[in-house]
Amino acid sequence: MKNKDYSYLYANWDDTVRRRKITLSNPVFVKGLALAPVVVAGTTVQNGILLCIAVFFLLTPTRIITSLITRHMSVPFKTFFYPFVSALVFAFVYYYMYRYLGTRVLLLGVYLPILVIDPLIVKNFEKTRKESVLYSVINGLRNTMGFVVACLLVCAVREFLAFGTIAGIKVIGVALLPMAQYSFGGFLIVALLSGIWSTAIRNYKYKVKVEAMHSERLS
Amino acid sequence: MTNTERKNHDKYMLWAIFAIAFCGSVLHGARVWMLCGIAILTAKAVDVAVSMIRRTDFDSTDHSSELSALIFTLMLPVNIPVYVMVTSIVLAVAVGKHMFGGRDVYPFNLAALTMCCAAVNWPDKVFSAVAPFAKVDLLSGYTAQATISNASLIKDGGVPPYSTFDMLVGNYPGVMGADFVIVIAVIGLFMIARRKITWHIPVTFLVTCAAIAYLFPRVYGFSRLESISLEMLNGSVFFVALFMLADPATTPKTPKAKVVFGFLTAVLAMIFRYVGSFDIGTCFALLLINTLDGYIERICGGKKVKIELPEETGTEQTKEKSRGIVKNVKLEKAEKTEKPPKAEKVKTPHDAIVLISETEDKIDNVIYSTRTLSIEEILKAEEEQKKRRKAGK
Amino acid sequence: MNDFLKMMVEFFGYSLVAIGAQNAIFTRALGLSSGMRMLNDPKKNTFYFCGALTVFQVMTSVIVYYVMPLVTAMGFGAYRRFVLPTIIVMACTVSYVVVITLLSRIVSKEKFKDLLKSVTSASITGAIVGTVLLTNYQGMNLVQSIGFGLGSSVGYLFAMLLITEGDRKIAHDKVPESLRGLPITLVYISVLALAVYGLTGHAIAL
């Protein structure tokens with residue numbers, strides 16, 4: 001990356017953070033959203049993929065519909081309208097997931113339906129900012145990608161530690177840390193990965209700052 | 001508790017633990033010493049590794065990890081596989097101690113946390129018991145004389161077929177060190193008499209446990225007094241009371257609060273033992289009660305507890321040669337007592353900004369010991385930088 | 001008399017299970033994101049939040065219990081599982097409107113303003129929706145549902161109090177910088193969840 005780019009990033013750091021949902025403002029590791037499904041249900045990669053599919057078909061459509069309808073709504077109405085829309089969208093998503101993926105969808109129990117009121121999906125309800133359809137599509141997809149990366153990473157680590165496999169494929173065949181399959185193990189793994197994530201972000205922020213300073217000095 | 005008192009406490013506790021380990025080695029053989037050695041080395045290795053990762057000075061006077069590792073080890077059966085012990089210690093010391101800030105500020109009892117980690121991960125290995133003088137393979141820990149522990153037996157509704165005397169002296173299938181009730185009681189009395197520990201928590205804990213065992217006997221067909229002896233002599237109650245509940249980092253400081261703490265721990269421990277799933281309900285209960293010690297201290301009118309910085313707080317110097325920046329960060333307390341070390345001269349506003357960006361998140365907690373540039377000057381330089389940036393736009 | 005006693009035993013039994021073994025936060029992580037946001041928001045009060053949560057929980061449980069048979073009667077029995085979240089969200093909305101209407105008449109304007117933010121954020125949370133979903137999936141009757149819902153809210157309050165107390169302990173500069181905030185709070189919760197696991201000793205059914 002050129003020094004000029006670093007200067008731009010440094011000058012617009014807040015915007016950069018807002019835009020980079022996968023890394024700098026990851027919904028799970030940085031913002032702590034959708035923790036319940038990831039911590040409790042995300043024990044295997046298979047479960048993780050199911051959660052990701054549900055979020056993919058739930059998050060962006062909900063954002064688009066709400067951005068179209070709620071432009072002239074006041075905040076108290078929005079508070080309930082967002083979850084209502086996401087619950088309606090979810091009814092279809094859940095039905096088709098059940099139809100095409102079978103009973104394994106039901107294995108996630110309450111942790112798939114609970115997504116409808118998760119702050120990841122209905123996060124904007126407390127905000128009064130109006131958003132365009134295009135923005136909601138882009139933002140929705142960014143958030144989805146952020147969740148997908150975090151969820152699959154957590155699920156893979158937990159499956160590896162708890163069962164010695166990744167996506168059902170035997171890696172070492174020994175359970176290194178059986179507690180990873182329980183909810184407290186999930187909390188711990190998410191916390192550790194979140195810590196590593198935030199270290200990486202700090203280092204990157206530092207690098208951007210120093211490089212930006214350097215380029216300013218040169219200029 | 002000052003740093004010196006804490007060191008003294010840890011030293012006495014280590015001697016006490018070694019006395020119990022000696023008794024254990026008489027009954028269970030040389031593997032006890034081997035496991036104790038591995039436990040100490042593992043705990044120390046984690047401490048060293050963390051100090052290397054965090055780039056801080058290694059505190060050689062801190063023995064809390066080794067002490068906890070030894071307490072944990074003596075609560076295990078002698079046939080425990082080494083990987084179980086090592087993994088649990090690494091997990092507990094890294095997560096339970098260093099993640100929360102290390103010495104004196106970790107919120108949960110380390111030994112209890114280690115035991116709980118081992119119990120939930122490998123319950124079948126942790127809750128077995130080995131008969132005294134049984135042949136145990138030194139490396140693998142294999143023995144043909146493993147059985148279930150007394151606490152498990154009582155939990156399943158059974159009664160241990162051993163006399164009270166045998167249970168007092170630990171002469172029955174059990175763990176490496178936590179079953180020698182007589183020895184533990186004598187050590188406890190000695191330490192209370194020498195004022196190395198106070199009586200409040202252990203005595204309150206034991207009396208409350210005995211009262212609950214008397215009032216709500218678990219084993220049917222036995223008298224209430226027999227219920228007391230069964231409950232108190234099994235499940236490492238004395239060991240927990242003396243060694244785990246005496247940890248100064250995770251217990252209240254005032255006598256009144258200590259009594260309340262001991263009472264609540266005993267009540268919760270007995271609930272966990274009666275209805276919980278593991279024999280060592282006391283350890284799980286202790287983790288829960290550890291969250292409340294600050295609250296207990298407050299309602300008992302104790303002084304507001306402050307986090308004490310270690311006396312020998314040194315400087316933390318990070319020299320980053322590649323960028324030519326020397327960062328001198330000192331903790332507040334050390335700043336008052338020692339002269340600040342020399343920092344490389346900050347010549348230009350740009351250098352000052354780099355210094356700010358390096359350490360901006362620490363500004364609330366640390367003082368920059370740069371003699372050449374005051375905070376006001378740094379702020380001025382930052383403002384200049386901002387103006388320049390605006391002008392550039 | 002016997003029936004009444006049986007009912008009470010059922011009620012308190014389910015409540016106790018929901019407080020301890022099936023704790024909303026430590027065992028099931030329900031409403032965790034909302035709880036974490038509440039902790040970070042000084043305008044929200046833990047007791048108001050959890051009090052409102054309890055009321056909403058019980059009301060939503062009752063509404064959903066009576067509405068679900070109607071869904072079956074309307075011929076949507078086969079789609080029961082899929083429409084359940086929508087019905088729960090609607091029930092939450094109704095509960096919120098009722099509670100807010102009552103509150104605005106009972107308490108003073110200043111107090112109402114004080115309460116509004118906590119009550120609004122407690123109206124639709126994972127704790128409520130998750131618990132009502134659970135009671136439905138497990139086919140609990142009305143007494144069991146209310147008992148479980150009440151216990152779940154009380155358990156949520158206990159958990160939040162413990163986490164708040166823990167926040168005091170971990171808010172110091174010795175905690176590694178990378179772990180401050182969300183990670184260290186999650187580690188703290190994980191140890192508490194481990195302690196609660198000592199009571200149950202088995203993984204939960206999702």
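These are questions and replies on chains A, B and C of a predicted model.

In this model, local features need pLDDT of at least 70 and side-chain atom pairs count only at pLDDT 80 or more, while totals for chains, interfaces and linings use all residues. Residues are numbered from 1 along each chain as its sequence is written, and chains are lettered from A and ligands numbered from 1 in the order in which they are written.

Me: What makes residues of chain A and chain C count as being in contact?
Reply: Their C-beta atoms, placed from the backbone, must lie within 7 Å. By that rule the contact takes 42 residues from chain A and 38 residues from chain C.

Me: Which element gives the most to the side of chain A that touches chain C?
Reply: H8(A), with 11 residues. Helices H3 (35-41), H5 (75-101) and H8 (183-218) of chain A each give two or more. Helices are DSSP runs of H or I with at least four residues, strands are runs of E with at least two, and both are numbered from the N terminus.

Me: How many residues of that side of chain A are called nonpolar, polar or charged?
Reply: 31 are nonpolar, 9 polar and 2 charged. Ala, Val, Leu, Ile, Met, Phe, Trp, Tyr, Cys and Pro count as nonpolar; Asp, Glu, Lys and Arg are charged; the others, Gly among them, are polar.

Me: What does chain C bring to chain B?
Reply: 24 residues of chain C are in contact with 29 residues of chain B. H8(C) gives the most to this side of chain C, with 10 residues. The side has 13 nonpolar, 5 polar and 6 charged residues.

Me: What is the length of H4(B) against the expected span?
Reply: The expected span is 1.5 Å times one less than the number of residues. H4 (residues 82-98) of chain B has 17 residues, and its 23 Å from first C-alpha to last is close to the expected 24 Å.

Me: Why is B:Met85 called buried?
Reply: Buried means 20 or more other C-beta atoms within 10 Å of its own, exposed means 12 or fewer, and partly exposed lies in between; C-beta atoms are placed from the backbone. B:Met85 is among the buried residues of H4(B), as are B:Ile89 and B:Val93. Their cover includes H8 of chain A and helix H8 (182-200) of chain C.

Me: Where does pLDDT stay under 50 in chain B?
Reply: pLDDT is the predictor's confidence in each residue, from 0 to 100. Residues 304-340 of chain B stay under 50. Chain B averages 79, and 78% of its residues score at least 70.

Technical notes. Contact = placed C-beta atoms within 7 Å.
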